[in-house]
Structures are given as C-alpha cells and as structure tokens.
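Here are some short exercises to work through with the structure in view. Try each task yourself before reading its solution.

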Amino acid sequence: MGELFEHFRDYDLPAARKKAQEEGRNEGRAEGIAEGRSEGEERMACLVRILMENDRLDDLRKITLDKAYRETLYLEHGLT
C-alpha cells in the first residue's frame, strides 16, 4: 500500500489547494464579468430600441456621452 502513495510523498497539498481555489475564483470572476457585460449590453439595446421607436434621436445621442442621463432614462423606462 505504501508503494501506491509513494509518489505523493513530496506533494504540497496546501499549495495545490490554494492554487485550485485561486483558479476557481478566477473562473468565477471571469464568468461574472461576462454575464455583467451581457446584461449591460441587453439593457442598453432595450433603451436604444425604445428611444428609436419614439423618435428620440437627440436622447439617443446624449446617452452615448452622458452616463448620468443614461441612468435617468434607464429608470424612466424601468430598465433597472
């Protein structure tokens, strides 16, 4: 039985565990960022669609430059 585990004798289990945890966190972080971007793009697309349907082209231009105004219009149209 000792021969079976002989090659693990020098294995640094705490370091391996720490590395696995860090890799898991990095994967989770990347997935969260991707999901957030997707949600943000969808929210912006909805606002653009609403503004275009209502011929609010000046507002459409303004939201590309003014984040506070964009947030105001998100609230106005229930896109929170």
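**Exercise 1. Decide whether Glu71 is buried, partly exposed or exposed, and find its salt-bridge partner.**

Step 1. Start with the cut-offs: buried means under 20% relative accessible area, exposed means over 50%, and partly exposed is in between (1.4 Å probe, protein chains only). The areas come from the Shrake-Rupley method with a 1.4 Å probe, and for residues only the protein chains shown count as cover.

Step 2. Glu71 has a relative accessibility of 33%, so this residue counts as partly exposed.

Step 3. Now look for a salt bridge, that is, a side-chain nitrogen of Lys or Arg within 4 Å of a carboxyl oxygen of Asp or Glu. The partner of Glu71 is Arg43, and their closest N and O atoms are 3.0 Å apart. Because Arg43 lies in helix 1 and Glu71 in helix 3, the pair ties together parts that are 28 residues apart in sequence. Arg43 is partly exposed too, at 26%.

A note on the model: it is predicted, so local features need pLDDT of at least 70 and side-chain atom pairs count only at pLDDT 80 or more, while totals for chains, interfaces and linings use all residues. Residues are numbered from 1 along each chain as its sequence is written, and side-chain values use heavy atoms, with hydrogens and water left out.

**Exercise 2. Describe the helices of the chain and how much of the chain is buried.**

Step 1. Helices (H or I, at least four residues) and strands (E, at least two) are DSSP runs, numbered from the N terminus. The protein chain has three helices and zero strands, giving the pattern α-α-α along the sequence.

Step 2. Of the 80 residues in the chain, 14% are buried.

**Exercise 3. Find which residues of helix 3 are buried, and on which side they sit.**

Step 1. In helix 3 (residues 67-76), the buried residues are Tyr69, Arg70, Leu73 and Tyr74.

Step 2. These residues cover an arc of only 145 degrees around the axis, which puts them on the same side of helix 3. The arc is that of the directions from the helix axis to the C-beta atoms.

Step 3. Ala68 and Leu75 are exposed on the other side of helix 3.

**Exercise 4. Trace further salt bridges, including those of Arg56 and Asp58.**

Step 1. The structure holds four salt bridges. One of them joins the side chains of Arg56 and Glu76 (3.0 Å, N to O). This pair links distant parts of the chain, with Arg56 in the loop between helix 1 and helix 2 (57-63) and Glu76 in helix 3, 20 residues apart.

Step 2. Arg56 is partly exposed at 21%, and Glu76 is partly exposed at 48%. Together with Asp59, Arg56 and Glu76 are linked in a network of salt bridges.

Step 3. Asp58 and Arg61 also meet in a salt bridge (3.2 Å, N to O). Being three residues apart in helix 2, Asp58 and Arg61 are separated by about one helical turn. Asp58 counts as exposed at 61%, and Arg61 counts as exposed at 53%.

**Exercise 5. Locate Thr80 and compare its position with that of Arg43.**

Step 1. Thr80 lies in the segment after helix 3 and is exposed, with a relative accessible area of 75%.

Step 2. Thr80 and Arg43 are 37 residues apart along the chain, and their C-alpha atoms are separated by 8.2 Å.
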